[in-house]
Amino acid sequence: METLIILLVGVLVSIGTYLILSRRLLRIVLGASLISHAVNLLLITSGGLKTGSAPLLSERTQQFTDAIPQALILTAIVINFAVTALVLVLGYRAYQSFGSDDMEQLRGNEYE
Amino acid sequence: MAIFFIFIFLPFLSAILVPFLYKYLNRLVHTGWFVLLAPLFILIYLLQYIPSIAAGETYQYTLSWIPTLGINIVTYVDGLSLLFGLLISGVGVLVIIYSIFYMSKTREALHQFYVYLLLFMGAMLGLVFSDHLLVLYGFWELTSVSSFLLIAYWYERKSSRQGALKAMLITVIGGFGMLAGFIMLIMMADTYSIREIIAQVDVIQNHALFIPAMLCILLGAFTKSAQFPFGIWLPDAMEAPTPVSAYLHSATMVKAGIYLVARTTPIFGGSSVWFWLVAGVGVITLLYGSLSALRQTDLKALLAYSTISQLGLIMSLLGVGSLAVYFGPGEKGSLFTVATFAALFHLFNHSTFKGSLFMVVGIIDHETGKRDIRYLSGLMQVLPVTFTIAMVGAFSMAGLPPFNGFLSKEMFFAAMTELTHVSAFGLDRLGLIFPVIAWIASVFTFVYCMIFVFKTFGGKFHPEKLTRKVHEASFGMLFAPIVLCLFVVLTFFFPNVLGKYILIPALTSVLPMMPISSTDLKISAWHGINTELLMTIGVVVLGFLLFRTAKRWIRLFRNYPQTLTLNHLFNKALPSMEKRAASLTNRYMTGSLRHYLSYIFSFFVMLLLGSLLLNYGLKFDFSNDASITLFDAGLVLVMLIAALTVLLTNHRVVAIVALGAVGYMVSMFFVIFRAPDLALTQMVVETVTTVLFLLCFYHLPKLKKDIERIPFKLSNLIISISVGLTVTLLALSANGHKLFEPITAFFERAYELAGAKNIVNAILVDFRGFDTMLEISVLTIAGLGVYVLIHQRSKRRKQDETE
């Protein structure tokens, strides 16, 4: 199962990277989101999968799955959401100001 | 002890006072008179060291600066530093007297001039008296900086600024080289003190860093002393006011490199590399300088090249003198001790006659308004005193009796001919080169000295070519060059007084291992008819013939292609370096986000994949994997399809919805991986994110709303696949290789420690509550950011509307 998930993560990262390298701002945000999903999956995989019951003490079992990666991922999800929201609004504003969402047109190596 | 430091730092102290004196007293008295006090006191103070130093004593004073790092201002007074100290303060006194009459009280910014000059003087004194290598380096750079400021004194002129920049670039590059050499020396000897390094010379000579340290230090010495090919800054430095040229660029600063070579001779002297570099470069510089001087029509440029040439002469003598270290005490060694003696003697002589010659040019410039020999002639009638000074100086430089240049030139020839009898360092085959080059260069030296005197002062006087009415300079202006000329003549008649009291102690510090007796080193004007005298007669005869026929061949020099000069190469190299740097930067700093991301991703892949492969990190272990059910495989498949849809879809809404699908699949995974809190959060967040995406999409430009495929790029594909591959390989190698047991067991005691049954929540708010607090801050900041981004915009729009 872990190997399968890691392969999936690799594919997601590839797709995300390809999207990030494209010209449209929206696609870049899509790519970043895909990569963050992949990273979350990788995090939970690193704790080992399906080794026990959910980390709730009321379950009364001998073994729980690793709770630490779950706590880390929870934090990561929220932060990722905040950043995505900000970037999206930023992209929206950039479009309003410059009339474009094409990264090639938004490039700035002239004297600013 | 304290008195010594007060005197050495007197220039710095008075530099602080100068602006105040200038502000309040300059209307009454020329500021220079106050400035004069500093070198005068130093000179008088240093003079009283002469008897005890001549008796063989040395003095050491220490002023603690950074004692924890072993950096202290250690000064060491011996013959060599005293010789330089006397030159610096003595010529300093004369130059300041001269500058009082040269620099206008009303038109010039005198406070700046004297502050820079005093800074320079203090730096130079600090340089020659330092025993600590790093402190020496500090003063060395301070001389570069103050020289830079002085060259650009008339900063509104472009040529001044360019000359200053060139001098700065070249001397500072050399200075850095020297610093590297010093650090190597310090590493080899494990001490900062020059004297302690000299004491350990046996250890250093067999060290691997010996040659690199030598080359680096020589780079510093050669750039500062304008040796070939670094001499090009000196002629351009002639844009400085003439007192500066006389002081810095003939008598003191350009001799700092000479000082360094003389100082380090006991360390490096015995090696053949040192001999060939110092003597060889010196002789080449001698020839190059004397040939280039012939081409000049500007008097100061002529003197600048002649300075280069004479510095080459001194340098080559030091190189030849280093053979004394090789041969050691004995008959052979003492023959070359004379060469070092001649170097020090000529060093003193050059300071006297070159200082007076520069002052002469300053007077000519001041009185006629011209420095170009094509406009000047017949000044003998109107400037008789100046003419006499110029003649004394120039004849001394040419090596004619009864002036001091004759004596040192004879000794120079003697040292050079001596080289033909040496059988070390390959000199048995090449030894003849030295006297031949030296003789040819001396012939040309003679010719340009004659040009200097007779083109300016000889012939008919043409007042119509000149802009000013010419009359003899004031006595104040003539005083300093007259004093220098007196030294030129007196040294010829009484050379041994100077030799006994100043030069022999200096020689003892350059060659501490040699037994030096003053009887061997008697300088005599007449010692029978020998090779040296015949060479001098040859120089005079051939030089005179060449001077008389100069009109016929000098054109040959003047028409020498400008494109082949070192100056031209430097001037071309600098802009072309700038251009190449700019084009290189423009080539990769494209401003395109995609390019920068490609660099980042490629670097990341190369570094991680490279280290993974090089360190044999690829080890897979699948034994602990959990089983795969059909349900899992189905989820993976759905997720893959959704992700590929995001990538390949033609329509943006489809992409957004597919991304939502990926998110929900992740949340499904969290369910089957037994993470209920994650599944909940992921579900909610994914929903809100998708809404945000759709909102953003709604606002996208109408123009660009047309549905389009992302253009395919092979390089992007390669980069993204390799990034994915790297992540996969890293994760696979890491998985299944647990180095130690996880610490989860501790958190499973959540109920007894924190009173919570949900372990994840206990971690978030109790065990690791800080993370959560800051994560809340992130959310708050993002929320504020979103608010500000939208609100500011509408506010400005309102403002635009009201306007």
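Is Asp236(B) buried, partly exposed or exposed, and what is its relative accessible area? In this predicted model, Asp236(B) is partly exposed, with a relative accessible area of 24%. The legends below begin with this residue.

**Figure 1. A salt bridge joins Asp236(B) and Lys166(B).** The closest N and O atoms of the two side chains are 2.9 Å apart. The pair links distant parts of the chain, 70 residues apart: Asp236(B) belongs to helix α12 (residues 233–236) of chain B, and Lys166(B) to helix α8 (residues 158–189) of chain B. Lys166(B) has a relative accessibility of 5% and therefore counts as buried, whereas Asp236(B) is partly exposed. Side chains of opposite charge can pair when their charged atoms come close. Over all chains, the count comes to eight salt bridges.

**Figure 2. Asp298(B), Asp365(B) and Arg371(B) form a network of salt bridges.** Arg371(B) pairs with Asp298(B), the closest N and O atoms being 3.1 Å apart. This pair links distant parts of the chain, 73 residues apart: Arg371(B) is in the loop between α18 (331–368) and α19 (379–382) of chain B, and Asp298(B) is in the loop between α15 (272–295) and α16 (299–321) of chain B. Arg371(B) also meets Asp365(B) in a salt bridge, at 3.8 Å from N to O. Arg371(B) is partly exposed at 21%, as is Asp298(B) at 22%. Asp365(B), with a relative accessible area of 18%, is buried, because buried means under 20%.

**Figure 3. A nonpolar patch of about 940 Å² lies on the surface of chain B.** Its residues include Val385(B), Phe475(B), Leu486(B), Phe493(B) and Tyr501(B). Two elements of chain B, α24 (475–493) and α25 (495–510), each give two or more residues to the patch. The largest share, six residues, comes from α24(B). Phe493(B), which lies in helix α24 of chain B, is partly exposed, with a relative accessible area of 49%.

**Figure 4. Cys485(B) is in no disulfide.** The nearest cysteine sulfur, that of Cys449(B), is 13 Å away. Cys485(B) is buried, with a relative accessible area of 9%. Over all chains, the count comes to zero disulfides.

**Figure 5. Chain A and chain B meet at an interface that buries about 8300 Å².** Of this area, 74% is on carbon and sulfur atoms. The contact takes 78 residues from chain A and 98 residues from chain B. Between chain A and chain B there are zero salt bridges.

How values were computed
Residues numbered from 1 in each chain as written. Chains lettered and ligands numbered in written order. Predicted model: local features only at pLDDT ≥ 70, side-chain atom pairs only at ≥ 80, totals over all residues. Heavy atoms only, no water. Patch = residues over 30% accessible without salt bridge, like charges linked within 9 Å, V, L, I, M, F, W, Y side chains within 5 Å. Areas by Shrake-Rupley, 256 points an atom, 1.4 Å probe, with all protein chains shown as cover. Salt bridge = Lys/Arg side-chain N within 4 Å of Asp/Glu carboxyl O. Helix = DSSP H or I, 4+ residues; strand = E, 2+ residues; numbered from the N terminus. Buried < 20%, exposed > 50% of the residue type's maximum accessible area, 1.4 Å probe, protein only. Disulfide = S-S within 2.5 Å. Contact = heavy atoms within 4.5 Å. Buried area = accessible area lost by both parts, 1.4 Å probe.
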